[in-house]
Amino acid sequence: MEETGTHGVTERQVTALHEVAMMGRVRRSRYEKAEAINTQQATRDLQALTKAQLLTAVGRTKGRHYVAGPRFPERVLATARRHHTISNPYAT
């Protein structure tokens with residue numbers, strides 16, 4: 001969230017950016033379902049993120065997805081790529 005303030009990103013749009021950071025891409029349909037919004041809202045959000053150069057559209061129509069754009073914070077991508085070990089808090 002702290003990285004998004006300078007780009008005018010809404011809390012809802014952070015979901016799409018998180019998906020890109022963790023999975024490498026986001027599809028409109030997945031974002032739409034995750035945020036429980038309609039197709040038009042999802043399309044507008046992704047277009048706004050593309051216009052802000054946080055995302056880059058790949059493909060056309062049915063196969064379109066979005067990846068990190070030139071202004072996507074590299075620090076966020078580096079953190080998402082870093083190997084994390086989850087330990088069992090209940091282990092003795």
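**Group meeting: salt bridges and the core**

Okay, let's start with glutamate 19: at 17% relative accessibility, it counts as buried. Keep in mind this is a predicted model. So who does that side chain pair with? Glutamate 19 meets arginine 30 in a salt bridge, at 2.5 Å, N to O. Glutamate 19 sits in helix 1 and arginine 30 in helix 2, so the bridge ties together parts that are 11 residues apart in sequence.

How many salt bridges does a search of the whole structure find? Three. Another one joins the side chains of aspartate 45 and arginine 12, 2.8 Å from N to O. Here the tie runs between helix 3, which holds aspartate 45, and helix 1, which holds arginine 12, so it links parts 33 residues apart in sequence. Aspartate 45 is buried at 7% relative accessible area, while arginine 12 is partly exposed at 28%.

Then there's arginine 28 with glutamate 32, at 2.3 Å, N to O. Those two both lie in helix 2, four residues apart, about one turn of the helix.

Back to aspartate 45 for a second: among the residues touching it is glutamine 13, which lies in helix 1 and is buried, at 6% relative accessible area. Glutamine 13 also touches Tyr31 and Leu49.

Both of those turn up in the largest nonpolar core, which has 18 residues; Tyr31 and Leu49 are among the members touching the most others, along with Leu17 and Phe72. Helix 1 and helix 3 are the elements giving two or more residues to this core, and helix 1 gives the most, with five. As for Phe72, its contacts include Leu17, Val20, Leu55 and Leu77.

Notes
Residues numbered from 1 in each chain as written. Predicted model: local features only at pLDDT ≥ 70, side-chain atom pairs only at ≥ 80, totals over all residues. Heavy atoms only, no water. Core = buried A, V, L, I, M, F, W, Y, C linked by side-chain atoms within 4.5 Å. Buried < 20%, exposed > 50% of the residue type's maximum accessible area, 1.4 Å probe, protein only. Contact = heavy atoms within 4.5 Å. Salt bridge = Lys/Arg side-chain N within 4 Å of Asp/Glu carboxyl O. Lists of a residue's contacts leave out its neighbours within four places in sequence.
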